[in-house]
Structure formats: C-alpha cells, structure tokens
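Please walk me through this model in my viewer. Tell me what to select at each stop and what I will find there.

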Amino acid sequence: MRGFVSFSLFLLLVLSAPVALSNPNVTVYKTPLEKAQWLYQGDRFGCELRHPVTGFGAMALVAQPGQPIRLTLNADWLALDSLEITASIEPSTWQSQTSILARTTLQGQGKSAVSTSSADLFLEALESNYAWQILLAEQGESLYRIDSSAVSTQAGARQMSKCIGNLLPQPFSYVRQRELLFAKGSDSLTAAQLADIQAIAAYVKADKQINQILVDGHADSNGDRLANLMLSRQRSDEVVARLIELGISRAMIQVRSHGTRYPKSSNTTEVGRQANRRVSIRLVKQTSK
C-alpha cells in the first residue's frame, strides 16, 4: 500500500484528464470535516468501509470472497439508474498534486450504483489521504457532485486492507456445489481442483452452519462395470482424503460411489464421457428451526 504514486498510477495520471463540470449549478454534497466518518465492518465473509455523506447517502468500498474490490454509491432519495456516474481520486486541498489520479464508472440500479471495474486504487488512495469525488450527470450535463472528506481515512483503510487479506478464497455461491472432472482411468486431482478443495475446506471451517459435505464419485461407461465402480470410489476417496488433510472432520463427510449408474451426459461421445468422469461436492447448511 506504500508508494501510492507508482508507475501504474503515473500512467493513469497521464491518461486521465480532469472532468469538466458542464453545468455551473452543480449541487455539491460533502460531510463537514467535524462530522466525517469512515465506518469499517468486516469478517472472513466480507468487508466494507463506508463513508456517510450528509444530505445524500453514502459511498463505500465493498469486498467479497473471490471478487474484486468495488466502489459503491447509495442514495437516500435519488434514483441512479439513468445517470452517468463517474468516480475519481482527487488530491486533498493541502496537497500540491492537481491532476485526477484514477477514475472508474459506476452502474446504477435503483438508488444504488456499483463500480464497473476494480476499485483497488481507491483503497490505496485513502492511505495517502486522497479524496474521492463522484459526478452524476445526465446526457453529459453534470447535476450532482459527491465529495468524500479526506480526514481520518488511514485507520479505516488499514482495517479494510487487513480484512481483505483474511477473506475466504471463494463465496458460498461458488463452493456450495463443485464438480471435479477426471482424466480417463485416473483419480489424480489437478492444481485447480486442489485449489477448489482448499476453498471448500476454508469455507466449511469458517461457516458453522455447514453440517454436512456430500461427496459423490462417478465414472464413464468405458471398461468393466466393477472396475468403474472401484475407480469412482478411488476418486471420491481422494477428494475426502484431501478434505481431511485440510482439517475437515470425517464425521461431516458422506461419501458415495456410483460407478456408471448416474451418467450426467451420453457415454457415446468423448465429451459426454468426460462429463461423467467426475466427483461432485455439495455443502449442506443446517436449516433454521
């Protein structure tokens, strides 16, 4: 996070021209310095650094497992769907730099908007006390400007950075059900599949609502039926062994081997046979009573 004006940022300085305010009557919203806050909250499932803006709503950085950092804007009273929204990093008034340091666009939906690209630089900016500015325009005419207050930004930025470093590798939507495909006659796992298993194990250990892991091994129809049943067992056992190595209790895991009984696709083509050489992993959450 140190050395904010790096070579990559230098390129952004060169490529980013200041945004001209086409409408001199732009309404500006900014929280007074004495009331400005950067509110952090987070855990392994998500991180947020929120900055309330008096009279408008709030701007925030949001990070989720397996996802890039996003800059968000939430309005208390204004629909953002049809507006052109541009966020930029601005030097504070006491800093000599006058050029815009980076810029991203936001896509509005209802009263919320989310950046269309990663907002990593916006987090780095806070550690150097740079301010954010968001322009809202309609048909090229600027209507509103929302400024952040560049005060007490470093503490929140550091908390946010630490939280991001501790995020789970993937969210529940990713790990809840995975299928691992195998080469013909093989029970070996690829590096990408091992990474998926690690992500699953990390999530299970973090989310106490997960009470069961279902592991089902399958094979294609090539060869002897009994041999295929054994191969599907070897594949599922290999996955289970990896989960146990990563600290998952064997008591949580229900393993089944089906051989060729439940093909996902036709075994008459190589594409279909490849889809059938698989182990599925499903996470089960306990239901609320």
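**Salt bridges and one helix**

Start with Lys 264 and Glu 179: in this predicted model, their side chains form a salt bridge, 2.7 Å from N to O. The partners sit 85 residues apart, Lys 264 in the loop between E13 and helix H7 and Glu 179 in strand E11. Colour by accessibility. Lys 264 is exposed at 52%, while Glu 179 is partly exposed at 31%.

Next, select Arg 256 and Asp 216. This is another salt bridge, with the closest N and O atoms 2.9 Å apart. It ties strand E13 to strand E12 across 40 residues of chain. Asp 216 is buried, at 3% relative accessible area; Arg 256 is partly exposed, at 32%.

Now show helix H6, residues 225-245. Its end C-alpha atoms lie 30 Å apart, which agrees with the span expected for 21 residues at 1.5 Å a residue. At the N-terminal end, select Asp 224. A side-chain oxygen of Asp 224 caps the helix, 3.0 Å from the backbone nitrogen of Leu 226. Just past the helix, Gly 247 has a positive phi of about 100°.

Which residues of H6 are buried? Select Asn 228, Leu 231, Ser 232, Arg 235, Ser 236, Val 239, Val 240 and Leu 243. Their cover includes strands E11, E12, E13 and E14, and helix H5.

Stay on H6 for Arg 242 and Glu 238, a salt bridge of 3.1 Å, N to O. They are 4 residues apart, so about one helical turn separates them.

Finish with Asp 220, Glu 270, Arg 273 and Arg 277, joined into one network by salt bridges that share partners. The structure holds 12 salt bridges.

Key. Residues numbered from 1 in each chain as written. Predicted model: local features only at pLDDT ≥ 70, side-chain atom pairs only at ≥ 80, totals over all residues. Heavy atoms only, no water. Helix = DSSP H or I, 4+ residues; strand = E, 2+ residues; numbered from the N terminus. Expected span 1.5 Å × (residues − 1). Buried < 20%, exposed > 50% of the residue type's maximum accessible area, 1.4 Å probe, protein only. Contact = heavy atoms within 4.5 Å. Polar contact = N/O pair within 3.5 Å; in protein donor to acceptor, adjacent residues only side chain to side chain. Salt bridge = Lys/Arg side-chain N within 4 Å of Asp/Glu carboxyl O.
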